[in-house]
Amino acid sequence: MEKTIRTQFVKEFLEAVLTLESVDECMDFFEDVCTVKEVQSIAQRFAVAKDGKTYAEVANETGASTATISRVNRSLNYGNASYDKVFARLEEKNKA
């Protein structure tokens, strides 16, 4: 496997994810595709990005390691702004 995320396998996987139509479908799909720990780790990173608190507060509240918090922080500061995009869309959806 390549060390880049932008492969045909990943593209096909993400296209499959985009066909899911509800949270329940997503839960079922990710339960089949991932281990419980993998889904929990991804959800934990999302929670870390969403919190906007200090490393110590986030580690205490989410149980995330400082390495995970640092990785998420790096994505927030130098990534593709995808967290911001998703948070904005969720905020809009929750207003409706």
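Helices here are DSSP runs of H or I with at least four residues, numbered from the N terminus. With that in hand, welcome to a short tour of this predicted model.

**View 1. The whole chain is built from 6 helices and 0 strands.**
Reading from the N terminus, the elements run α-α-α-α-α-α. The C-alpha trace spans about 40 × 35 × 25 Å along its principal axes. Of the 96 residues in the chain, 14% count as buried.

**View 2. Lys 95 and Glu 91 form a salt bridge within helix 6.**
The closest N and O atoms of Lys 95 and Glu 91 are 3.8 Å apart. Both residues belong to helix 6, which covers residues 82-95. They sit 4 residues apart, about one turn of the helix. Lys 95 itself is exposed, with a relative accessible area of 58%.

**View 3. Lys 95 also forms a salt bridge with Glu 92.**
Here, too, the closest N and O atoms are 3.8 Å apart. Why are Lys 95 and Glu 92 separated by about one helical turn? Because they are 3 residues apart in helix 6. Taken together, Glu 91, Glu 92 and Lys 95 are linked in a network of salt bridges. The count for the structure comes to 2 salt bridges. As a general reminder, side chains of opposite charge can pair when their charged atoms come close.

**View 4. Six acidic residues gather in a patch of negative charge on the surface.**
The members to look for are Glu 21, Asp 24, Glu 25, Asp 28, Glu 31 and Asp 32. One of them, Asp 32, lies in helix 2, which runs through residues 23-33. Is Asp 32 buried or exposed? Asp 32 is exposed, with a relative accessible area of 69%.

**View 5. Cys 26 and Cys 34 appear in a structure that holds 0 disulfides.**
Cys 26 is in no disulfide, and the nearest cysteine sulfur, that of Cys 34, is 11 Å away. Why is there no bond for Cys 34? A disulfide needs the two sulfur atoms within 2.5 Å, and the sulfur of Cys 34 is 11 Å from the closest cysteine sulfur, in Cys 26, so it is too far for a bond. The surroundings of the two cysteines are worth a look as well. Cys 26 is partly exposed, with a relative accessible area of 27%, whereas Cys 34 is buried, at 17%.

Key:
Residues are numbered from 1 along each chain as its sequence is written. This is a predicted model: local features need pLDDT of at least 70, side-chain atom pairs count only at pLDDT 80 or more; totals for chains, interfaces and linings use all residues. Side-chain values use heavy atoms; hydrogens and water are left out. Patches are made of residues with over 30% relative accessible area and no salt bridge: like charges are joined within 9 Å, nonpolar side chains (Val, Leu, Ile, Met, Phe, Trp, Tyr) within 5 Å. Accessible areas come from the Shrake-Rupley method with a 1.4 Å probe; for residues, only the protein chains shown count as cover. A salt bridge is a side-chain nitrogen of Lys or Arg within 4 Å of a carboxyl oxygen of Asp or Glu. Lys and Arg count as positive and Asp and Glu as negative; His and the chain ends are not counted. The place of a charge is taken as NZ of Lys, CZ of Arg, CG of Asp or CD of Glu. Helices (H or I, at least four residues) and strands (E, at least two) are DSSP runs, numbered from the N terminus. Buried means under 20% relative accessible area, exposed over 50%, partly exposed in between (1.4 Å probe, protein chains only).
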